[in-house]
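Student: I have a model in front of me. Please take one helix and walk me through it closely.

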Amino acid sequence: MSFFGGGQQPPQPLQPDPLFAAQTEMEMYTVLFNKLASSCFEKCNSRKHKEPDLQLGEMSCLDRCVAKYMDSQELVGKVLQAANEKQAMQQQQMQQMQQAMGGN
């Protein structure tokens, strides 16, 4: 038996916590819904509340607003994903260059 950890198995890589992932995803959806609701409500809500139900104009405005909001969120997500992939590739290339030069 070694005092310096010799003969022990290498540590297992950490697995993502599914509970944390679910909580984070739920928080993201809550924020998305709240932003979407407040933004579209401000744009589409008629100031005259004569009827308990939405009017046709309000419904079509809300449909368009939600569709545009979701499209823009999807576009932003794609742009951020591409930027993250590019950054990860650049970091990998830097590590390869450092290894080739005899660095870490």
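Tutor: Here is a close look at helix H1 and what lies around it. This is a predicted model, where local features need pLDDT of at least 70, side-chain atom pairs count only at pLDDT 80 or more, and totals for chains, interfaces and linings use all residues. Residues are numbered from 1 along each chain as its sequence is written, and side-chain values use heavy atoms, leaving out hydrogens and water.

The protein has two helices and zero strands. Helices (H or I, at least four residues) and strands (E, at least two) are DSSP runs, numbered from the N terminus. H1 covers residues 18-44, which is 27 residues. The expected span is 1.5 Å times one less than the number of residues. That gives 39 Å for H1, and its end C-alpha atoms are 38 Å apart, so the two values agree.

Now look at what is covered. Buried means under 20% relative accessible area, exposed over 50%, partly exposed in between (1.4 Å probe, protein chains only). In H1, the buried residues are Leu 32, Leu 36, Cys 40 and Cys 44. They pack against helix H2, residues 56-100. Across the protein, buried residues make up 10% of the 104 residues.

Next comes the loop. Asn 45 sits between H1 and H2. Asn 45 counts as buried because its relative accessibility is 16%. Contact means heavy atoms within 4.5 Å. Leaving aside neighbours within four places in sequence, Asn 45 is in contact with Cys 40 and Glu 58. Cys 40 is also one of the buried residues of H1.
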